[in-house]
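This briefing sets out what can be read from the model shown below. Topics are grouped, and each can be read on its own.

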Amino acid sequence: MVMNMRYLVILLIMSFPVFTIAQPAIDVHCHNLFPELAAFLKEQGEEMNENDPLPQWNVESHIDFMKKAGIVRSVVSMPAPQPFMGGVDESWRVVRRYNNACAQLKATYPDKFLFCASLPLPYVDAAIEEAVYAIDTLGADGIKLATNSYGQYVGDEVLDTLMSVLNERHAVVILHPHRPVPVNDSIIAVTPLAMYEYPAETTRAVVNMIVRNIPTRYPNIKFVIPHCGSFLPLAIPRMQVIYRAMEKNGVMEKISWRDNLKNFYYDLAGNPTDDVLRCLLSITTPEHLLYGSDYPYQSAEYLAEDLQHLRGILYGDTAWMKYAQDILYGNAARLFAVDKSNIVDSLSLENYGEQCVKLPMQEDGIVRLSKIEVYPQYLEAYKQYAIEVGEISLRTEPGVLTMYALAEKENPCMITILETYSSQEAYKKHIASAHFQKYKQGTLHMVKKLVLSDQYPLNPSNRITNFIQH
């Protein structure tokens with residue numbers, strides 16, 4: 001059977017839904033709730049500010065969720081509500097303790113957590129001082145801003161001095177919706193804030209930023225907009241139509257649409273569907289889409305399934321496949337200056353110990369010749385990928401019995417790999433492994449043709465357990 005490599009990937013996804021489970025992800029939308037912050041909010045009677053109890057959080061559970069979901073970095077930020085009660089001194093004290101605790105979390109788990117510092121808004125002078133401290137001293141990876149801090153909306157003129165400070169530091173700003181001000185209490189009593197008010201609130205704040213040209217005037221700030229862009233894919237086209245008439249009548253100032261929109265990024269927290277993703281492309285590009293979980297506001301099991309669903313969308317459609325790794329982790333790695341090699345290094349051979357004990361060949365075992373034609377310009381790079389996946393597979397997978405690669409002397413671009421697996425189940429586990437996926441996705445563009453030919457052994461007791469480069 002001859003097939004295009006991309007078609008093979010789609011076929012594997014359709015046949016084995018677990019194929020993409022180990023694709024790494026960076027989570028740019030998740031929260032941590034330290035005991036002191038939770039205690040302060042309860043003391044102030046604000047634990048039900050969102051009409052929902054504060055979530056439970058601890059670092060062990062968060063790391064366990066990351067492992068289950070295949071998340072390699074989490075960018076934590078403070079959940080709602082903003083700790084405003086008690087005056088500037090008390091609010092600032094709580095925010096400072098939170099930011100210090102986040103910095104310690106990052107220092108303790110440098111390969112797990114990044115953090116966006118919180119600010120004691122609506123107190124602007126205190127917020128500026130805290131932003132400088134958090135970025136310059138604590139090494140915060142960004143700043144979290146509430147869409148509004150008790151009526152002070154992002155984009156308000158009073159925040160221009162803060163924006164100047166963040167612009168000077170090329171800050172990443174994560175927006176997060178908070179309880180709108182004012183709000184209809186009778187409506188939110190039956191409709192949770194997260195269902196409608198939060199998307200509307202996010203849209204309201206971003207619209208306020210656009211009409212005041214905040215991203216244009218502070219071009220070094222990158223803004224991350226939550227929950228799949230909220231209502232912006234609908235609002236922005238409508239704004240552009242209405243704006244033309246408003247500007248002509250002198251009601252609105254001139255808006256630079258391109259400059260305002262180019263520094264917006266969008267996290268995908270909130271169960272994105274294929275339709276939602278395509279809708280986002282009406283206002284942005286795939287390079288500006290980021291994965292987000294919203295942990296711990298849903299169960300770890302549900303969020304892991306949600307991420308797996310997203311992987312299925314991205315790797316199950318040829319239109320999305322070429323952007324999949326960037327959406328899952330590449331775009332976030334660039335935005336937050338995470339070394340991508342540190343993400344894939346966890347798949348490298350040096351992290352594995354002695355070769356495991358092999359399982360016996362079973363009745364449903366697989367013996368296969370994979371005949372691969374590689375484009376000449378990619379031959380050396382392909383061989384490195386192939387060597388690594390072969391050695392890791394043999395060393396770590398009991399059901400992988402043989403990985404033996406040969407190249408034709410007359411034509412080194414023609415490579416044949418003898419693969420044997422103890423059972424169908426062993427093969428399924430192999431193609432779901434992180435090292436196989438790294439090889440598969442990394443070599444998609446290198447392979448010109450692939451022929452898979454299943455065989456049967458004349459002497460099943462013989463097996464080769466070496467993987468040789470030629």
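Strands β5 (residues 142–146) and β8 (residues 172–176) run parallel and are joined by four bridges. The model that shows this pairing is a predicted one. In the protein, the secondary structure amounts to 19 helices and 15 strands.

**Parallel sheet**

- Within the pairing of β5 and β8, Ile143 is placed opposite Val173 of β8.
- The sheet is open, has eight strands and pairs in parallel, in the order β2-β3-β4-β5-β8-β9-β10-β11.
- Its edges are β2 (25–31) and β11 (289–290), each of which pairs on one side only.
- In a regular strand, side chains alternate between the two faces of the sheet.

**Antiparallel pair and hairpin**

- β13 (residues 400–407) pairs with β14 (residues 414–421) in the antiparallel sense, over seven bridges.
- The two strands β13 and β14 are joined as a hairpin through six residues.
- In this pair, Tyr404 is found opposite Leu418 of β14.

**Helices α18 and α19**

- His430 belongs to helix α18, which spans residues 424–431.
- His430 counts as buried because its relative accessibility is 2%, against a cut-off of under 20%.
- Beyond its neighbours within four places in sequence, His430 contacts Ser393, Glu397, Val400, Met403, Tyr421 and Phe436.
- One of these contacts, Phe436, is also listed among the buried residues of α19.
- Helix α19 is mostly covered, with nine of its nine residues buried.
- The buried residues of α19 include Ala434, His435, Tyr439 and Gly442.
- Lys438 lies in this helix, α19, which covers residues 434–442.
- Lys438 has a relative accessible area of 18% and is therefore buried, since the term applies under 20%.
- The side chain of Lys438 makes a polar contact of 2.9 Å with the side chain of Glu388.
- An α-helix has 3.6 residues a turn, so residues three or four places apart point the same way.

**Aromatic pairs**

- The count of aromatic pairs is nine.
- Phe34 and Trp57 form an edge-to-face pair, because their ring centres are 5.5 Å apart and their planes stand at 85°; the cut-off for that class is over 60 degrees.
- Phe34 sits in the loop between β2 and α2 (35–43), while Trp57 sits in the loop between α2 and α3 (59–69), so this pair ties together parts that are 23 residues apart in sequence.
- Both Phe34 and Trp57 are buried.
- Tyr243 and Trp257 are likewise edge-to-face, because their ring centres are 5.6 Å apart with planes at 75°.
- Tyr243 is in helix α10 (residues 232–248) and Trp257 is in helix α11 (residues 257–261), so the pair ties together parts 14 residues apart in sequence.
- Tyr243 and Trp257 are both buried.
- Phe34 and Trp57 also belong to a cluster with Tyr98, linked by ring pairs.

**Cysteines**

- How many disulfides does a search of the whole structure find? The search of the whole structure finds zero disulfides.
- Cys30 is in no disulfide, and the nearest cysteine sulfur to it, that of Cys116, is 9.5 Å away.
- For Cys116, the closest cysteine sulfur is that of Cys102, and no bond forms because the distance of 9.3 Å is too far; a disulfide needs the sulfur atoms within 2.5 Å.
- Cys30 is buried, with a relative accessible area of 0%.
- Cys116 also counts as buried, at 0% relative accessibility.

**Whole protein**

- The protein has 470 residues, of which 54% are buried.
- Among contacts in the protein with a separation of 6 or more, 79% are between residues 24 or more positions apart.
- The accessible surface of the protein is about 20900 Å², and carbon and sulfur atoms hold 53% of it.

Notes:
Residues numbered from 1 in each chain as written. Predicted model: local features only at pLDDT ≥ 70, side-chain atom pairs only at ≥ 80, totals over all residues. Heavy atoms only, no water. Buried < 20%, exposed > 50% of the residue type's maximum accessible area, 1.4 Å probe, protein only. Contact = heavy atoms within 4.5 Å. Areas by Shrake-Rupley, 256 points an atom, 1.4 Å probe, with all protein chains shown as cover. Polar contact = N/O pair within 3.5 Å; in protein donor to acceptor, adjacent residues only side chain to side chain. Pairing = 2+ DSSP bridges. Phe/Tyr/Trp six-rings, centres within 6.5 Å; stacked < 30°, edge-to-face > 60°.
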